[in-house]
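Student: I am new to this structure and would be grateful for a close look at a single part of it, the nonpolar core. Please explain what forms the core and how its surroundings are arranged.

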Amino acid sequence: MKKTLIVVICVLVLTNLPIFDFFLKENYTYSNIDGSFIYSEESGKGQSFKTCLMRYGYFLCQHPEKDKGDNNLYRTFTIKPWRFWEWADFIFQHERFALPYKRTRETK
Amino acid sequence: MKKTTTSFLAIFLIVAAACRRDNTNDIKPGTEASTSRDTLALSTVENWHNAMASSTPIRTNNTSAPSFRLADASIDWSQAVSMPSTASNYWLIAMKGTPTFQGVGQGYRKIAFYADKHHTLHARILEFIPDANWLQRQNHITPANYTGRIFVFDEAYNLLGGRIFSEGKSIGEAKPAKTNDIQPSIHINNLQPTTDCYWVDHNYINGEGVLVIYSEQICTTTYTDIDGPYGGMDPGGSSGGFDPGHGGYATPPADSSVPSVSNLPGEEKPGIKPRQLMDCFNNVQDAGATMSVTVYVQEPQPGTYFNIGKNSVGHTAIGLTKANGSNSITQVVGFYPDATGMDKMHAPSKIVDNSILDYNVSITFNVNAVNFRHIIDYISSPPVTYDLTQFNCTNFVIEACLKGGIILPDATNTVGLSGPGGAMTAQTPAALGANLEKMNGDNINKNGGTAPSSKGACN
């Protein structure tokens with residue numbers, strides 16, 4: 001029992017390490033209300049949620065008309081809590097999951 | 001003795017009464033301060049600040065950012081320091097809050113209160129971001145040796161401008177970035193050396209935690225071989241030195257044998273149409289233009305040859321800048337697999353806009369027009385297949401640079417486990433980044449940072 005628990009914990013820790021992000025982590029995608037701004041984290045390969053926020057801020061500055069009305073940033077990915085290899089993101093980088101969800105044409 | 005004491009008390013009372021009158025002046029923001037002399041009293045500033053509670057404008061240029069009210073700012077008046085200046089003194093007070101530059105909280109900020117020549121009071125917020133390397137080498141920061149950036153904001157925390165200092169001397173400037181208002185300053189000289197200055201958009205997070213986008217003037221000096229194979233181009237000529245039959249740098253027709261990335265399924269995928277981005281460079285006139293190529297490397301584990309690390313497998317991106325007169329266009333892109341999970345090992349490719357990429361090391365090359373055209377042609381029609389070991393993001397950048405006559409340092413690294421056939425090798429961001437860090441030169445940035453924003457597709 002104790003051995004099983006240790007194995008489970010090791011698997012949880014290892015699969016949540018950033019070294020496996022490229023293969024395991026979902027391409028978290030984001031969009032504004034009308035889809036004129038889209039962003040993908042590309043599984044952590046050069047892209048990040050922080051960069052997404054900066055890019056969206058820059059986008060709003062460049063397109064002030066998009067800053068009127070609904071200027072929320074939406075996540076276009078669904079939350080999949082069974083993905084234990086993303087639990088570290090749920091805990092330590094939960095901001096992205098708190099964004100409102102918007103379905104894209106692809107997910108409809 | 002008694003008469004002297006009485007006189008002293010009378011003088012003291014007069015002075016004290018004068019001070020009280022000064023304290024009770026009801027000075028509205030933007031009105032004339034009671035300065036019959038050239039000294040600005042701290043009490044005058046304090047009263048002015050207290051009186052502006054109902055009249056401080058609220059910043060509206062970015063509704064997603066919290067608004068700033070100077071009247072609500074916590075100011076420790078006991079820390080105020082009077083600074084001399086040519087006309088009058090001004091008051092400088094340290095403020096809480098740390099700017100975030102290049103992803104790292106660094107620097108400090110102060111607020112300055114001063115009266116202009118019409119005795120109208122103003123406040124300016126100064127954010128000081130010393131150069132990190134310089135700061136580590138110095139024991140004391142003095143105006144005479146300050147190296148780094150200073151950004152100036154108005155009372156509503158709108159960026160007014162900034163200066164870049166090296167050893168106390170101003171070597172550059174910054175200004176708020178505005179759409180279609182990039183003002184490049186290009187100085188072309190056919191004689192060696194050639195100094196090119198252009199504006200590049202950058203950003204950082206100020207002490208209020210708000211993203212600030214600004215344009216920074218960057219100057220580079222290159223030594224051009226004007227007798228080289230492409231050096232004899234006539235910038236003012238009609239041919240531009242090549243392909244006169246197609247109007248100089250006209251975009252060649254797409255290779256019909258190579259499907260465009262734009263044909264990838266899914267309109268809302270972040271993959272971009274590279275040709276649309278590259279065609280933007282046609283909006284900048286070729287004659288007299290300066291062109292540069294920057295390779296950005298995000299190392300998996302910075303400073304090591306490890307192919308995996310805190311940045312996963314890392315990334316290599318390429319940035320192109322073309323500037324001419326009032327036009328300057330930058331595009332930063334990267335090569336990615338268009339797949340998920342283990343399918344990324346070998347998958348269809350896509351080009352992704354890598355604006356504001358966090359990188360560890362970069363290298364910049366100035367290229368001539370012909371080589372620049374070769375590079376953008378290559379990026380416009382990228383290889384259709386991504387392979388993690390055979391042709392990944394680093395291979396793509398290396399190949400793109402080769403098209404432009406640029407040879408990057410060896411990026412070969414051992415990947416995976418060595419078996420009977422020997423160790424497998426691949427071009428990796430880890431090896432490219434580590435080898436770039438071993439190089440020296442003015443065109444290498446080992447401090448890292450964030451890549452500039454891409455112009456995006458042009459209509």
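Tutor: In this predicted model, the largest nonpolar core has 92 residues. Those with the most contacts inside the core are Val295(B), Ala317(B), Ile318(B), Val333(B), Ile375(B), Val397(B) and Ala400(B). Among the helices and strands, helix α3 of chain A, residues 49-62, gives the most to this core, with 7 residues. Domain 1 (26-223) and domain 2 (269-459) of chain B both give residues to the core, so the core lies between them.

One residue may serve as a starting point. Leaving aside residues up to four places away in sequence, Val295(B) touches Thr316(B), Ile318(B), Ser362(B), Ile363(B), Val397(B), Cys401(B) and Leu408(B). Two of these partners, Ile318(B) and Val397(B), are themselves listed with the residues that have the most contacts inside the core.

Ile375(B) and Ala400(B), also on that list, lead to a pair of helices. Two packed helices are described by the angle between their axes and the distance between the axes. Helix α5 (residues 369-380) and helix α6 (residues 393-403), both of chain B, pack at an angle of about 145 degrees, with their axes 7 Å apart. On the side of α5(B), the contact is made by His374(B), Ile375(B), Tyr378(B) and Ile379(B); α6(B) supplies Glu399(B), Ala400(B) and Lys403(B). By kind, the residues of this contact divide into 4 nonpolar, 1 polar and 2 charged.

Another helix of chain B shows how a segment can be enclosed. In helix α7 (residues 429-438) of chain B, 7 of the 10 residues are buried, so the helix is largely enclosed by the rest of the structure. The buried residues are Pro429(B), Ala430(B), Ala431(B), Leu432(B), Gly433(B), Ala434(B) and Leu436(B).

The contact between the chains completes the surroundings. This contact takes 32 residues from chain B and 30 residues from chain A. On the side of chain B, the elements that give two or more residues are β11 (211-222), β13 (315-324) and β14 (327-337). The residues of that side divide into 11 nonpolar, 16 polar and 5 charged.

Finally, the confidence of the prediction should be considered. Chain B averages a pLDDT of 73, and 68% of the residues score at least 70. Over residues 8-37 of chain B the pLDDT is below 50, and this stretch has 32 contacts in the model beyond near neighbours in sequence. Residues 222-269 of chain B also have a pLDDT below 50, with 67 such contacts. The model scores ipTM 0.86 and pTM 0.54.

Terms used: Residues are numbered from 1 along each chain as its sequence is written. Chains are lettered from A and ligands numbered from 1 in the order in which they are written. This is a predicted model: local features need pLDDT of at least 70, side-chain atom pairs count only at pLDDT 80 or more; totals for chains, interfaces and linings use all residues. A nonpolar core is a set of buried Ala, Val, Leu, Ile, Met, Phe, Trp, Tyr and Cys residues joined through C-beta atoms within 7 Å. A residue is buried if 20 or more other C-beta atoms lie within 10 Å of its own, exposed if 12 or fewer, and partly exposed in between; C-beta atoms are placed from the backbone. Helices (H or I, at least four residues) and strands (E, at least two) are DSSP runs, numbered from the N terminus. Domain bounds come from an automatic or database domain assignment. Two residues are in contact if their C-beta atoms, placed from the backbone, lie within 7 Å. Ala, Val, Leu, Ile, Met, Phe, Trp, Tyr, Cys and Pro count as nonpolar, Asp, Glu, Lys and Arg as charged, and the others, Gly among them, as polar. pLDDT is the predictor's confidence in each residue, from 0 to 100. Axes are lines fitted to C-alpha atoms, for helices over the stretch in contact, and angles run from 0 to 180 degrees between N-to-C directions.
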